[in-house]
Each structure stands twice: as C-alpha cells, then as structure tokens.
Amino acid sequence: MRLTSSPDSNQNDRRQSRRGPQRSLIAGVESRRGPQRSLIAGVESRLCVGLAILWTAAAVTFAQTPAAPQPGTPPVRSQFHEPSPMDFNDHTGFTQIFDGKSLADWEGDPAFWRVENGAIVGESSKDNVVYNAYIWRKDLVAKDFDLKLEIKCEIAGGSGIQYRSQTGLPWTKPLHPGEKRNLDWLMTGPQADFWFPVNPLHASYSGQFYSENTPLGIVAWRGEVVNSTAGAGPRLIGTVGDRSALGGYVKINDWNQYEIIARGGTMIHILNGQLMAVLIDDDPASSNNLAGKIGIELEGTPAKVSVRNIWIRKLN
C-alpha cells in the first residue's frame with residue numbers, strides 16, 4: 001500500500017523547514033550575547049564591591065569622628081601640629097632688670113651712659129671719645145637663662161649684649177693715646193653682637209657670637225651653627241641661612257627684638273624672631289661656659305646705642 005501525505009501535513013513540513021534558518025539565526029544572536037551578558041555581570045559585581053567598600057569606609061569615618069566637645073572642654077589637638085609661636089612680650093617667669101627710670105642698679109661710666117625716654121643710652125662723640133665702654137647689671141650673675149630686650153643703634157659704631165661675662169680682668173687690646181681704663185667697667189666674655197651698618201663688614205656682625213677680650217674673637221658668624229671642643233678650634237656643623245640675606249631682618253635706626261638663650265654649652269641668638277647664630281661649646285673650661293654678668297657695650301666714635309625692656313628668666 002502506498003501511503004500519501006495529506007495537504008495539511010505537507011504544509012506543516014514546509015513551515016518547519018522555513019523556521020529552521022530563523023532558529024539558527026536566533027541561536028547565533030543568543031550565542032553572541034553570551035559574552036556581553038558576562039561582561040555586564042562582571043561590571044555589576046565590581047560595582048557592588050566598590051559600593052560596599054565606600055559604605056564601610058563611611059561607616060568607619062563616622063564612627064571615628066569625635067563627638068562635639070562639651071562647653072569648657074579643652075580642644076583635642078592632633079598628634080601632628082605646628083608649635084605655637086612665641087610671644088616676645090610674654091614675660092611670664094621673667095624678671096625686669098631695668099626700670100626705665102634710673103641707673104641705680106647698673107654699673108658703668110656716667111660720662112657715656114644715661115637714661116633717656118625709658119631706655120639705657122650710651123653715646124660717644126668727637127668731644128667724648130669711646131673705644132670700648134660697658135654698663136652691667138649689679139647683683140646679677142646668671143649661667144642658664146632666657147634674656148629678652150630691645151636694642152637700637154644710631155649714627156655709627158657698634159654695640160652688643162654681654163652675658164656670662166666677667167669684669168676686672170686685664171684688657172688685651174692696646175691702649176690708645178689718651179685712653180683711660182677702669183677694669184671694673186670693662187667686660188670679658190660672650191657677646192651677642194649688634195652694629196650700625198656703616199659698611200658691609202659691620203653690617204654682617206649683627207646677630208653673631210663674639211667672645212670679647214679673649215683670643216676666641218668671632219666664634220659663630222651670623223648664619224652659622226658652630227661646635228667648639230677642648231683643644232680644637234670652632235667647627236662649622238651647619239648653617240641657618242645666607243649671611244647677607246639674614247641681614248634683612250635687622251632694622252636700621254629702629255628698635256630690634258633680641259633674645260639670647262643659654263643652656264649649658266649651647267648659646268642661641270635670635271633677632272626679630274629670626275635665628276641668627278648658634279654656638280655649642282663642649283669645653284667645660286671655656287670662658288663661654290662660666291656664670292657671669294649681663295651688660296651692654298658701646299664701641300667706637302661717634303656712636304649711639306639704646307636698650308630698653310630688659311627681662312631675664314634665670315634657670316639656675
């Protein structure tokens with residue numbers, strides 16, 4: 001018996017035949033979409049992880065944020081912070097050693113020293129010649145201390161602040177014609193130099209460490225950190241800055257804030273808030289390491305120096 005297909009059956013077969021290529025096309029498209037879906041899934045995964053990390057960090061930061069301080073509670077300071085600036089006019093723990101009125105507590109030649117406008121003034125002229133003249137505070141001997149004062153040089157000449165200094169010692173400089181000397185009015189020892197800038201060399205002196213009336217002379221020039229030991233000369237171990245550039249901190253014909261810090265063998269000179277010179281003297285027998293007097297120098301003719309607001313904080 002011969003079997004024959006019905007018209008409906010043949011029509012169905014033709015439909016299935018035409019759908020075959022369509023299904024293959026759809027399968028191909030689906031195959032190509034596979035990597036895209038994997039890529040999208042990967043991006044979504046990474047986004048979820050990133051959001052989780054951000055959320056965690058925010059939660060930790062929020063947890064670490066300190067609560068607002070209660071009224072009257074001192075502020076909490078960070079472990080890393082800048083030091084508070086020094087107030088030159090803060091005299092807590094200091095003693096004023098010049099009252100701005102008289103020289104009753106000071107020893108010096110009255111031919112050169114006087115009080116004027118609240119300051120100790122030393123002055124020389126062609127009619128009143130000075131080579132070296134000093135005035136020092138009576139009943140005061142100090143070794144470790146902080147010393148603050150204001151100083152001004154006018155006309156010409158030089159000055160300086162003597163500290164850890166002695167009086168009554170032989171004067172090593174040659175005697176000038178007509179010069180008279182009273183060794184009780186001459187000082188030997190460390191000096192924080194200060195000069196009127198009549199020339200570049202003299203201009204470079206202000207702020208340096210000078211040893212008056214000793215073989216040492218200038219030990220630490222302005223801008224230097226110097227170390228000195230027994231049996232060896234001074235050695236430069238560092239610099240503060242350019243010597244000429246540091247001169248820009250010196251006020252001419254105006255008041256300058258001078259601070260001298262002495263701690264053991266370390267002596268520091270600060271002028272108008274700028275570090276100028278440091279000497280570290282490790283020789284216990286050095287003249288720089290003796291307790292001594294505080295004084296002021298007037299050097300040269302003509303010259304004028306004024307010093308006021310003198311305060312000291314003794315540590316021993």
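Which strand gives the largest share of the lining of the second largest cavity? In this predicted model, that strand is strand 16, residues 293-299, which supplies 3 residues. The second largest cavity holds about 30 Å³ of space. Its lining is made up of Trp 106, Leu 149, Ile 161, Ile 294, Gly 295, Ile 296 and Ile 310. Sorted by class, these residues are 6 nonpolar and 1 polar, with no charged residue in the lining.

The search for enclosed space gives 2 cavities of 30 Å³ or more. The largest cavity contains about 50 Å³. Its lining includes Lys 152 and Cys 153, then Phe 194, Trp 195, Phe 196 and Pro 197. The remaining lining residues are Val 250, Lys 251, Ile 252, Asn 253, Asp 254 and Asn 256. Two elements give two or more residues each to this lining: strand 6 (145-154) and strand 8 (187-195). By class, the lining of the largest cavity has 7 nonpolar, 2 polar and 3 charged residues. Charged residues are thus present in the lining of the largest cavity, whereas the lining of the second largest cavity has none.

From the cavities the path leads to the aromatic rings. Over the whole structure, 7 aromatic pairs are found. One of the pairs joins Tyr 163 and Phe 209, with ring centres 6.4 Å apart and planes at 80 degrees, an edge-to-face arrangement. Tyr 163 belongs to strand 7 (residues 158-167) and Phe 209 to strand 9 (residues 209-212), so this pair ties together parts of the chain that are 46 residues apart in sequence. Are the two partners buried or exposed? Tyr 163 has a relative accessibility of 0% and counts as buried, because the cut-off for that class is under 20%. Phe 209, with a relative accessible area of 1%, is buried as well.

A second pair is formed by Trp 195 and Tyr 205. Their ring centres lie 5.6 Å apart and their planes stand at 75 degrees, and the pair is therefore edge-to-face, a class that needs an angle over 60 degrees. Trp 195 is in strand 8, while Tyr 205 is in the loop between helix 2 (200-203) and strand 9; the two residues are 10 apart, and the pair links distant parts of the chain. Both partners are on the buried side of the cut-off: Trp 195 has 12% relative accessibility, and Tyr 205 has a relative accessible area of 14%. Trp 195 also appears among the residues that line the largest cavity.

Tyr 163 and Phe 209 take part in an aromatic cluster, in which Phe 145 is the further member.

Aromatic rings also meet a charge in this model. Which rings does Lys 148 lie over? One is the ring of Phe 88, whose centre is 5.7 Å away. The other is the ring of Phe 94, where the charged end of Lys 148 sits 4.8 Å from the centre.

The last stop is a polar residue in strand 7, Ser 165. Its relative accessibility is 1%, so Ser 165 counts as buried. The side chain of Ser 165 makes a polar contact of 2.9 Å with the side chain of Gln 162.

Conventions:
Residues numbered from 1 in each chain as written. Predicted model: local features only at pLDDT ≥ 70, side-chain atom pairs only at ≥ 80, totals over all residues. Heavy atoms only, no water. 1 Å grid on protein atoms, 1.4 Å probe; cavity = no way out; pocket = protein on both sides within 12 Å on 5 of 7 lines; lining within 4 Å. Points joined across faces, edges and corners; volume = space filled by probe spheres on them. Helix = DSSP H or I, 4+ residues; strand = E, 2+ residues; numbered from the N terminus. Nonpolar A, V, L, I, M, F, W, Y, C, P; charged D, E, K, R; others polar. Phe/Tyr/Trp six-rings, centres within 6.5 Å; stacked < 30°, edge-to-face > 60°. Buried < 20%, exposed > 50% of the residue type's maximum accessible area, 1.4 Å probe, protein only. Lys NZ or Arg CZ within 6 Å of the ring centre and 35° of its normal. Polar contact = N/O pair within 3.5 Å; in protein donor to acceptor, adjacent residues only side chain to side chain.
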